[in-house]
Amino acid sequence: MNEKMKKTRKSFSFKSFFSSKKNISFILITVLLIGAFGYFGIKTVNQNSDISRLEIQKQELEQKLEEQEQDNKELQAVLDNENKDDYIEQKAREKGYVKSDEVVFYDISSSVG
């Protein structure tokens, strides 16, 4: 019985394995599937990192938007106020502007060495 099993049992060799078209197709499909899984795995990781980066950017922009909306509310309150001319004059003076009929004096003694 041992001899009968030896005769019916085929020995495995790579040469015979690769010579069959069926086996070559199986290997080719396996390699393509492994490559596809690798590609899509890397693509998924890259997309997840892009999503994380964009979510952080979105939070920063939302914070800037809130700050700008608060500034707009404050400016609108100034425009709605009766003393808006005083506010405008104050901001102009902070930037160094003066009225056309004003005399401006500069203190140069403190700037000299």
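Where along the chain is I108 found, relative to α4? I108 sits in the segment that follows α4 (84–94), and the tour will return there once the rest of the chain has been visited.

Before selecting anything, note that this is a predicted model, in which local features need pLDDT of at least 70 and side-chain atom pairs count only at pLDDT 80 or more, while totals for chains, interfaces and linings use all residues. Residues are numbered from 1 along each chain as its sequence is written, and side-chain values use heavy atoms, with hydrogens and water left out.

**The whole chain**

Start with the protein chain in a cartoon view, where the secondary structure comes to four helices and zero strands, in the order α-α-α-α along the sequence; helices are DSSP runs of H or I with at least four residues, strands are runs of E with at least two, and both are numbered from the N terminus. Switching to a surface view, the accessible surface comes to about 11,400 Å², of which 58% belongs to carbon and sulfur atoms, as given by the Shrake-Rupley method with a 1.4 Å probe, only the protein chains shown counting as cover for residues. Of the 113 residues, 1% count as buried, where buried means under 20% relative accessible area, exposed means over 50%, and partly exposed lies in between (1.4 Å probe, protein chains only).

**The aromatic pair**

Next select Y39 and F40, which form an edge-to-face aromatic pair with 5.2 Å centre to centre and 70° between the planes. A search of the whole structure finds one aromatic pair, the rule being that rings of Phe, Tyr and Trp (its six-membered ring) pair if their centres lie within 6.5 Å, with planes under 30 degrees apart counted as stacked, over 60 as edge-to-face and the rest as tilted.

**Salt bridges along helix α3**

Now show the charged side chains; the count comes to six salt bridges, each defined as a side-chain nitrogen of Lys or Arg within 4 Å of a carboxyl oxygen of Asp or Glu. One of them joins R53 to D50, with the closest N and O atoms 3.8 Å apart. Because R53 and D50 are three residues apart in helix α3, they are separated by about one helical turn. R53 is partly exposed at 47% relative accessibility, and D50 is also partly exposed, at 37%.

Further along, select E62 and K58, whose side chains meet in a salt bridge of 4.0 Å, N to O; both lie in helix α3, four residues apart, about one turn of the helix. E62 is partly exposed, with a relative accessible area of 40%.

**A negative patch**

Continue to E66, E67, E69, D71 and E74, which gather in a patch of negative charge on the surface. Patches are made of residues with over 30% relative accessible area and no salt bridge, like charges being joined within 9 Å and nonpolar side chains (Val, Leu, Ile, Met, Phe, Trp, Tyr) within 5 Å. Within this patch, D71 belongs to helix α3 (residues 21–80) and is partly exposed, with a relative accessible area of 37%.

**Helix α4**

Select I88, which lies in helix α4 and counts as partly exposed at 48% relative accessibility. A distance drawn between the C-alpha atoms of I88 and V78, ten residues apart along the chain, reads 9.1 Å.

In the same view, add R93 and E89, which form a salt bridge with the closest N and O atoms 3.2 Å apart; both lie in helix α4, four residues apart, about one turn of the helix. R93 is partly exposed at 36%, and E89 is partly exposed at 29%. Adding K99 and E102 to the selection shows a network of salt bridges that links E89, R93, K99 and E102.

**Back to I108**

Finally, select V98, V104, Y106 and I108, which form a nonpolar patch on the surface with about 450 Å² of accessible area together. I108 itself is exposed, with a relative accessible area of 58%.

Definitions and conventions. Lys and Arg count as positive and Asp and Glu as negative; His and the chain ends are not counted. The place of a charge is taken as NZ of Lys, CZ of Arg, CG of Asp or CD of Glu.
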